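Work through the exercises below with the structure open. Try each task before reading its solution.

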Amino acid sequence: MKLWVLVFINALAVALSLSIINFYFQQNLVDFLITFSVSLITSYLVFYYLIERFVYSKIKLIYKLIHNLKLGKDLKDALGEYVSADPINDVELEVKEWARDKKSEIDRLKDQEKFRREFLSNISHELKTPLFAIQGYIEALQEGDIDDPEISRQFLEKASRNVDRLTFFIKDLDAISKLESGEIAVNFARFNLTELIHEVVESLELKAKKYNITLHFKDKYHSPTWVYADQEKIRQVLVNLLDNSFKYGKSGGNTSIKTFELHDQILVEITDDGIGIEEKYLPRLFERFYRTDKSRSRQIGGSGLGLAIVKHIIEAHQQTITVRSTENIGSTFGFTLQRDK
């Protein structure tokens with residue numbers, strides 16, 4: 001509501017009240033009109049001055065302050081000082097909007113704090129397990145109570161495996177940190193996705209046999225599929241997703257890779273017939289260190305960062321990754337790439 005409208009309504013109410021009282025006692029229409037006119041003009045001028053001087057100017061100042069704070073320094077300088085035509089109404093809207101923004105910001109900060117605590121706890125656990133194992137094996141060897149060379153060799157091999165686990169963990173942690181900060185550039189180039197998938201499948205055949213899983217990439221996928229992306233990063237995506245399907249697959253199971261041509265994209269799907277994932281876990285599956293079955297995941301190994309790295313790589317390509325899964329039936333991970341025509 002504009003200032004003059006507010007003042008006029010108040011002045012009108014006062015003028016009508018005085019005029020009606022005057023008419024009640026005088027019973028004279030002329031006196032009624034004179035009283036109404038004088039009261040209206042006088043009340044309007046007095047109210048306008050008082051409200052403008054002591055109320056409205058303060059509201060305008062508050063509004064300008066809130067508005068300029070929301071704009072920020074750079075945008076405020078570009079637009080100059082802004083004065084609303086109706087600050088009484090606008091200041092209410094601005095304050096409500098500002099309150100909503102601050103509430104959302106506080107909620108985000110709470111979520112970030114919770115995530116930070118979980119992140120530190122997970123890092124601590126991931127580092128502590130192999131470090132304690134290495135420490136135990138080394139202390140046993142240092143004490144000199146082990147005379148059997150074969151047992152000593154086994155202890156050293158186990159310590160070495162835990163060092164490798166630490167190395168892989170730190171490497172993955174460094175990779176995801178650089179991906180999130182944008183330090184690793186995405187080198188877009190045209191390449192044959194079909195050829196890349198064949199290369200990845202061949203390189204992982206021995207690992208698939210170790211888990212007793214059969215890899216399928218059908219013979220029909222021999223014609224070139226040209227995409228525009230970072231070939232080495234997409235190689236890492238394929239390796240991580242296939243490795244994940246091995247770890248959570250079943251012995252004697254299958255993992256298949258399929259590609260589908262969309263309008264301006266290529267969809268790649270990796271499907272396994274493993275243990276699957278409960279629906280309630282799917283929204284958090286790509287979070288760092290998130291594990292649906294912690295006891296099984298610890299036994300399997302891995303840094304817990306594989307799917308998070310995959311998500312960051314695909315999002316760096318401005319594409320999407322999805323997952324659908326049914327417990328005890330299997331899972332399908334799908335991601336899109338820009339098609340090169």
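**Exercise 1. Strand pairing**

How many bridges join strand β4 to strand β5, and in which sense do the two strands run?

Solution. The model is predicted. Start with the ranges: β4 covers residues 254–261 and β5 covers residues 265–272. Seven bridges join them. The two strands run antiparallel. For one bridge, take Ile257: its partner in β5 is Ile270.

**Exercise 2. The sheet and its edges**

Give the strand order of the open five-stranded sheet, then find its edges.

Solution. Read the order first: β2-β4-β5-β7-β6. The pairing is mixed. Next, look for strands with a single partner: these are β2 (214–216) and β6. Each therefore has one side without a neighbour in the sheet. From one strand to the next, the twist averages 15°. Finally, add the helix: α6 (residues 193–203) lies across β2, β4, β5 and β7 (330–338). Its direction is at about 170° to β4.

**Exercise 3. A second strand pair**

Which face of strand β3 is covered, and which is uncovered?

Solution. β3 spans residues 226–229. Val227 and Ala229 form the covered face. Trp226 and Tyr228 form the uncovered one. Now find the partner strand: β1 (residues 189–192) pairs with β3 in the antiparallel sense, over four bridges. Trp226 is the bridge partner of Asn192.

**Exercise 4. Helix packing**

Describe how α8 packs against α10.

Solution. Two numbers are needed, because packed helices are described by the angle between their axes and the distance between the axes. The axes of α8 (residues 231–247) and α10 (residues 306–316) come within 9 Å. They cross at roughly 145°. The crossing is left-handed. On α8 the contact residues include Ile234, Val237 and Leu241. On α10 they include Leu307, Val310 and Ile314. By class, the contact has eight nonpolar, four polar and one charged residues.

**Exercise 5. A loop residue**

Is Gln319 buried or exposed?

Solution. Locate Gln319 first: it lies in the loop between α10 and β6 (321–326). Its relative accessible area is 11%. The cut-off for buried is under 20%, so Gln319 is buried. Then list its contacts, leaving out residues up to four places away in sequence: Gln265, Ile314, Thr336, Leu337 and Gln338.

**Exercise 6. An aromatic pair**

Why is the pair of Phe23 and Phe32 classed as edge-to-face?

Solution. There are six aromatic pairs by the ring-centre rule. In this one, the centres are 5.9 Å apart and the planes stand at 75°. Planes over 60 degrees apart count as edge-to-face, so the pair belongs to that class. Phe23 is partly exposed, at a relative accessible area of 33%.

Technical notes. Residues are numbered from 1 along each chain as its sequence is written. This is a predicted model: local features need pLDDT of at least 70, side-chain atom pairs count only at pLDDT 80 or more; totals for chains, interfaces and linings use all residues. Side-chain values use heavy atoms; hydrogens and water are left out. Axes are lines fitted to C-alpha atoms, for helices over the stretch in contact, and angles run from 0 to 180 degrees between N-to-C directions. A crossing is left-handed if the near helix is turned anticlockwise from the far one by less than a right angle, and right-handed if clockwise. Contact means heavy atoms within 4.5 Å. Ala, Val, Leu, Ile, Met, Phe, Trp, Tyr, Cys and Pro count as nonpolar, Asp, Glu, Lys and Arg as charged, and the others, Gly among them, as polar. Buried means under 20% relative accessible area, exposed over 50%, partly exposed in between (1.4 Å probe, protein chains only). Two strands pair if DSSP finds at least two bridges between them. Rings of Phe, Tyr and Trp (its six-membered ring) pair if their centres lie within 6.5 Å; planes under 30 degrees apart count as stacked, over 60 as edge-to-face and the rest as tilted.
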